[in-house]
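Here are my notes on the model you sent. They deal with one sheet and two pockets.

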Amino acid sequence: MGLSSNRVEDFCSHGETTIVMPPTSTTMEIHSVCLPPKTTTFHKLKQRLSEIFFPDDPLHRFKNQTWPKKLILGLQFFFPIFQWGPEYSLKLFRSDIISGLTIASLAIPQGISYAKLANLPPIIGLYSSFVPPLIYSILGSSKHLGVGPVSIASLVMGSMLSEAVSPVDDQILYLKLAFTSTFFAGVFQASLGLLRLGFIIDFLSRATLVGFMAGAAIIVSLQQLKGLLGIVHFTTKMQFVPVMASVFHHRDEWSWKTIVMGFSFLLFLLTTRHISMKKPKLFWVSAAAPLTSVILSTLLVFALKSKIHGVSIIGQLPKGLNPPSANMLYFNGPMLAVAIKTGIVTGILALTEGIAVGRTFAAIKNYQVDGNKEMMAIGIMNMAGSCSSCYVTTGSFSRSAVNYNAGAQTAVSNIVMASAVLVTLLFLMPLFYYTPNVILGAIIITAVIGLIDYRGAYQLWKVDKLDFLACLSSFLGVLFISVPLGLAIAVGVSVFKILLHVTRPNTAVMGNIPGTHIYQSLNRYREALRIPSILILAIESPIYFANATYLQERILRWIREEEERIKANNESILKCIILDMTAVTAIDTSGIDLVRELRKMLEKRSLQLVLANPGGSVMEKLHQSKILDSFGLNGLYLSVGEAVADISALWKSQA
């Protein structure tokens, strides 16, 4: 029996609850509940592990193929360049060279700026924009991901390492720890991809990341006040209060020349960003703005060097290719634990950003990005980068957006960008001598300000208050405690949310929608009506050891409240409780004990317990435990409707 469309709205509002007799059993055939097909324990384990680690069935393309074809498919699987490389054309190259040169104009100033953010020599940022993009272009599966250093990973690395070692007093050890952290970040990332454990990074929920990114963006921006104000002595701490205290404590060091230059170029950069956001076709305006700012500010300082002595400049940068750094990896000593911890934290953040950005643009262009391949590609490029004077890199949102808007077709755009960086490293480094540090701060602020997603936070507040709490905890933790602890707090809140859903699942009282065999929540549907002498409860989660005690207490409370309601309204006494197990996807031994104990407790109170629609795996475990033997012929039904109809008919026949 269907529901007329004009009645649907009436069902979705609250109102008084009345009682209705269910449709008679003559209108419904009673079906038996079947067991799932019999399988061995080994087969179940194999199937379960396959669902956990191989939900996408990555080997399906190898089925029914010849060995030569399997070899080609294997190369394409591990090296995506073999997949699109044979079809590459001059037309595609024209698009890639334009996009590659465009992101290079952004990558060069960003690389120098982000290295300073990580308390590393500026040249390390350029090195990190050369080797990793080349490796990613061979191993990566995204066509639009622009690879290089990113602000958040740079900030986290700088804050975590500087707590253990001073980047000023012990530069060599700091550099060794940075390379070692990058190596362990790569090992961690590649291991997740190889072992297909990418679900670990899913603990960084969107709510967590919104708060974390916003807090980190504010901290990064406040740290740039050192350069924008011309302060020489500045706190190395990353918390809001110490940073602001340091800003006002060193007011005597403020330089008006630096302030005028810094805020002028910051206004220019923010204006170009606003123009590109309003008119996406003018993306090149904001993409070219950082390099334009570097060139103009460098020329300005060079022309007026005799008059603006107070403006700090980058100074001499070495020319040449990435020097090897494998000999600088730090595997023995008291600081190894710091390097490993920093590597894991920055590795997780880099993976989260890189995969999220890659999937975003893949969805726009309707192609698929393999998360596990991306983890391996990012991990391998960081391992290789750690041996070639690079620090943690991943897919940058700003570079990827510019790459996409510039018309990139394949990962060749990363090769073009790396080539432009190579030319810069070999021939153009002396030109950066007079580049003022204040410009780097302005570039960083412009880049990270887009990470403050206030609309996303407002949406979280509207939709899910617990998600908003995770977001707020992450934001305040980063802002007032520390970046790593802020991240840990956010993950903790997310895990607490998972535990809350697992340990305190939803239960609901169900009623019948008149004229149908449909049963829905009384609290949700106004037209849903109670069945005399029967309490129908729905359990909306697996039944595990973690929630078995809670479910028993909650079910007994539902029964007590129903008996009190019946007594107050002078209705028919309660005789039967039906548990709708449609949403119970799994049950363990504690759950089975719950059902057994509940049946015994209700039997002592002359109440019948009935189970409706247990799933395949649940039914199998109930059968194996022999618990169904105690339920009798009228204790198990395929649906709530059949249970109500059959039990009501049985009572009528006994009357």
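The points below concern a predicted model and take the sheet before the pockets.

1. The sheet is open and has 6 strands, ordered S4-S3-S5-S6-S7-S8, with mixed pairing. Its edges are strand S4 (519-521) and strand S8 (636-637), each of which pairs on one side only.

2. At the S8 edge, the partner is strand S7 (residues 608-612), and the two run in the parallel sense over 2 bridges. Within this pair, alanine 612 is opposite tyrosine 637 of S8. Helix H23 (residues 589-604) packs on the sheet and touches both strand S6 (576-580) and S7. The direction of H23 makes about 145 degrees with that of S7.

3. The largest pocket holds about 1,600 Å³ of space. Its lining has 46 residues, and Arg273, Phe397, Ser398, Gly450 and Leu451 are the closest to the pocket centre. Helix H14 (residues 336-365) provides the largest share of this lining, 6 residues. Sorted by class, the lining comprises 28 nonpolar, 13 polar and 5 charged residues.

4. The second largest pocket holds about 1,300 Å³. Here 41 residues form the lining, and Lys116, Asn119, Leu120, Val168 and Lys226 lie nearest the centre. The class split is 22 nonpolar, 17 polar and 2 charged.

5. Which helix gives the most to the lining of the second largest pocket? That is H18, with 5 residues. Helices that each supply at least two residues include H4 (90-117), H5 (122-127), H8 (171-194), H10 (225-229) and H18 (437-448).

How values were computed. Residues are numbered from 1 along each chain as its sequence is written. This is a predicted model: local features need pLDDT of at least 70, side-chain atom pairs count only at pLDDT 80 or more; totals for chains, interfaces and linings use all residues. Side-chain values use heavy atoms; hydrogens and water are left out. Two strands pair if DSSP finds at least two bridges between them. Helices (H or I, at least four residues) and strands (E, at least two) are DSSP runs, numbered from the N terminus. Contact means heavy atoms within 4.5 Å. Axes are lines fitted to C-alpha atoms, for helices over the stretch in contact, and angles run from 0 to 180 degrees between N-to-C directions. On a 1 Å grid over the protein atoms alone, a cavity is a set of points where a 1.4 Å probe fits but cannot get out, and a pocket is an open set with protein on both sides within 12 Å along at least five of seven lines; lining residues have an atom within 4 Å of a point. Grid points are joined across faces, edges and corners, and a volume is the space filled by probe spheres set on the points. Ala, Val, Leu, Ile, Met, Phe, Trp, Tyr, Cys and Pro count as nonpolar, Asp, Glu, Lys and Arg as charged, and the others, Gly among them, as polar.
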